[in-house]
Amino acid sequence: MTKGPVLIAGAGPTGLVLALELAYRKVPFKIIDKAKGPGETSRAMLVVPNVLESYQKYGLAQTVTRQGIIPDFAHFHSRNTRIASLPLGIMGKGQSLYSYLVTFPQDQHEQVLLDKLNEFGISVEWESELVGLKQVEAHSEVTIRKNGIVKTEPFNYVVGCDGASSQVRKQSGIDFEGETYEQVFYVLDAEVDGKIVEDDAGGFSFIKDYFALFFPLRNRETTRIIGMFPPDLSRAGDLSYESLKPRLEAAFEIKILEMNWFSDYKIHARTATHFRKGNLFLAGDAAHIHSPIGGQGMNLGIGDAVNLGWKLGEVINRKGPAELLDTYEEERKGIAEFVVTTTDRLFDLVVGDAIRSRLTRQLLIPTVASLVENAPPMQKILYTLLSQLYIAYENSDLSEGASERLKAGQRLPYVDSEPFEFIREAGWQLHTFKPIDPDIKEACDRLGITWVMRKWTNQTRDKGFFKEQWLLVRPDGYIGWLGSQEQRKDLERYIEKWMG
């Protein structure tokens with residue numbers, strides 16, 4: 001049998017973005033999913049700037065922004081009275097071309113990704129379930145069941161994007177360490193009327209034993225409500241919408257006009273002990289799951305896909321060194337552990353039954369929200385965390401070089417005076433602020449490195465660049481090597497090591 005380069009198991013956002021990354025780089029692959037077709041419920045809804053930057057090269061950032069909703073504010077309510085408002089529309093100004101958050105239902109999001117994948121001539125193989133997996137030397141034998149027919153195929157690489165119950169993870173013997181919250185939560189999409197519900201703003205509302213998040217969805221006709229079941233209903237095992245509805249209406253002074261989707265669920269905080277085992281990789285919920293606070297989960301999974309996608313492309317198509325794939329776990333596992341730990345601690349403060357949690361809901365959150373409302377520096381820090389623009393790989397083997405204010409491994413700083421001078425995440429790029437010698441330009445062309453001569457502006461200086469600087473930017477928009485023309489030999493060694 002002829003081995004296929006890559007099998008992607010799972011066609012949620014993580015798997016679809018990985019498929020796009022490979023298709024963009026002309027890497028042959030197969031993508032399968034055991035479902036009958038794309039999802040039909042909203043599920044994850046927040047799309048952050050880090051993801052929009054990843055979508056820029058496909059033209060999808062504009063599509064998501066146009067079809068989604070950009071909340072202007074996040075309001076905080078205590079006892080149904082607004083106590084603070086965070087200006088989401090300006091908190092991220094100057095940090096990214098996409099200085100905003102977008103609410104975009106997951107089913108619509110997945111359809112946008114599927115449509116773009118179809119433009120590459122690629123379709124998902126639905127109703128195809130991975131039921132067996134065995135590593136054989138440098139490849140894997142994968143058993144797939146489709147329409148009752150079982151078939152075994154060899155693949156050089158297998159990527160599990162198949163969710164929290166990942167068969168790739170289970171069959172590879174990788175542990176999924178963590179815990180499950182005892183509380184039961186709900187997610188509700190409905191037409192809602194009430195003063196705390198707004199078309200262009202999200203809301204966090206706290207009242208006694210209740211708290212809920214309210215966000216506009218689907219052209220502002222639908223509101224997403226996320227919260228925790230009242231303790232007495234949970235203890236009684238009554239998790240019905242019919243029992244919850246009057247409680248929500250009374251507590252938050254709202255009227256639920258029509259329910260579109262409702263589900264109860266439990267929240268887990270878990271991270272896989274490894275993101276790679278031989279030629280097997282885990283990404284998205286297969287590698288890490290955590291509370292939905294801050295809307296980080298889906299975006300984190302998409303970040304996994306972008307990081308792994310370009311590296312597989314380099315190794316498979318450009319004959320890059322196999323060591324490049326080792327940096328996937330090195331870079332992404334630490335980020336996942338940070339997000340899981342941070343959201344777990346924050347969520348535990350909010351949802352616990354203890355006096356500490358009640359004080360957090362009734363006193364600490366209102367106080368902190370009021371402080372942040374009047375402190376732009378704190379708003380900037382909060383936005384950097386929500387947007388995932390803080391993510392960096394400074395300790396990665398792929399990162400080499402530092403200056404006074406910039407380090408290799410950091411995301412290439414955004415300069416708002418030149419937003420369209422280059423496209424992030426389109427391939428290796430050499431950035432300079434002065435012309436380069438013809439022989440260097442010829443070498444870049446030969447190696448497939450795009451040379452970008454940047455404008456020198458006050459904004460460029462303020463972001464930490466200096467005129468003599470050279471930066472080799474990775475295909476995912478992070479600085480790989482940082483130095484100057486005098487360190488050309490160091491750059492050549494870096495290129496030889498990581499680009500072959």
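**Close-up 1. Strands S10 and S19 in the predicted model, joined in parallel by 3 bridges.** Strand S10 covers residues 149-160, and its partner S19 is formed by residues 280-282. Within this pairing, Val 159 is found opposite Phe 281 of S19.

**Close-up 2. Strand S1 alongside S10.** Residues 4-9 make up S1, which runs parallel to S10 and is joined to it by 5 bridges. Ile 8 has Val 159 of S10 as the residue standing opposite, and Val 159 also stands opposite Phe 281 in S19.

**Close-up 3. The hairpin of S9 and S10.** Strand S9, made up of residues 139-146, pairs with S10 over 7 bridges, here in the antiparallel sense, whereas the pairing of S1 with S10 is parallel. Lys 146 has Ile 149 as its bridge partner in S10, and 2 residues lie between the two strands of the hairpin. In the turn, Asn 147 adopts a positive phi of about 55°.

**Close-up 4. Packing of helix H1 against helix H5.** Helix H1 (residues 13-24) and helix H5 (residues 106-119) have axes that come within 10 Å of each other and cross at roughly 20°. Because angles under 35 degrees count as roughly parallel, H1 is described as roughly parallel to H5. The crossing by which H1 passes H5 is left-handed. On the H1 side, the contact is made by Pro 13, Leu 16, Val 17, Ala 19, Leu 20 and Ala 23, while H5 contributes Gln 106, Glu 110, Leu 113, Leu 114, Lys 116 and Leu 117. Of the residues in this contact, 9 are nonpolar, 1 is polar and 2 are charged.

**Close-up 5. The open sheet of 7 strands and helix H8.** The strands of this sheet follow the order S5-S4-S13-S14-S15-S12-S16, and their pairing is mixed. Strand S5 (81-86) and strand S16 (254-265) are the edge strands, each of them pairing on one side only. With direction ignored, neighbouring strands of the sheet are turned against each other by 20° on average. Within the sheet, strand S13 (residues 201-207) and strand S14 (residues 210-217) are paired in the antiparallel sense over 5 bridges, and Phe 206 stands opposite Phe 211 in S14. Helix H8, formed by residues 241-252, packs on the sheet and touches strand S12 (185-194) as well as S13, S14 and S16, with a helix direction that makes about 130° with that of S16.

Technical notes
Residues are numbered from 1 along each chain as its sequence is written. This is a predicted model: local features need pLDDT of at least 70, side-chain atom pairs count only at pLDDT 80 or more; totals for chains, interfaces and linings use all residues. Side-chain values use heavy atoms; hydrogens and water are left out. Two strands pair if DSSP finds at least two bridges between them. Helices (H or I, at least four residues) and strands (E, at least two) are DSSP runs, numbered from the N terminus. Axes are lines fitted to C-alpha atoms, for helices over the stretch in contact, and angles run from 0 to 180 degrees between N-to-C directions. Angles under 35 degrees count as roughly parallel, over 145 as roughly antiparallel, 65 to 115 as roughly perpendicular and the rest as oblique. A crossing is left-handed if the near helix is turned anticlockwise from the far one by less than a right angle, and right-handed if clockwise. Contact means heavy atoms within 4.5 Å. Ala, Val, Leu, Ile, Met, Phe, Trp, Tyr, Cys and Pro count as nonpolar, Asp, Glu, Lys and Arg as charged, and the others, Gly among them, as polar.
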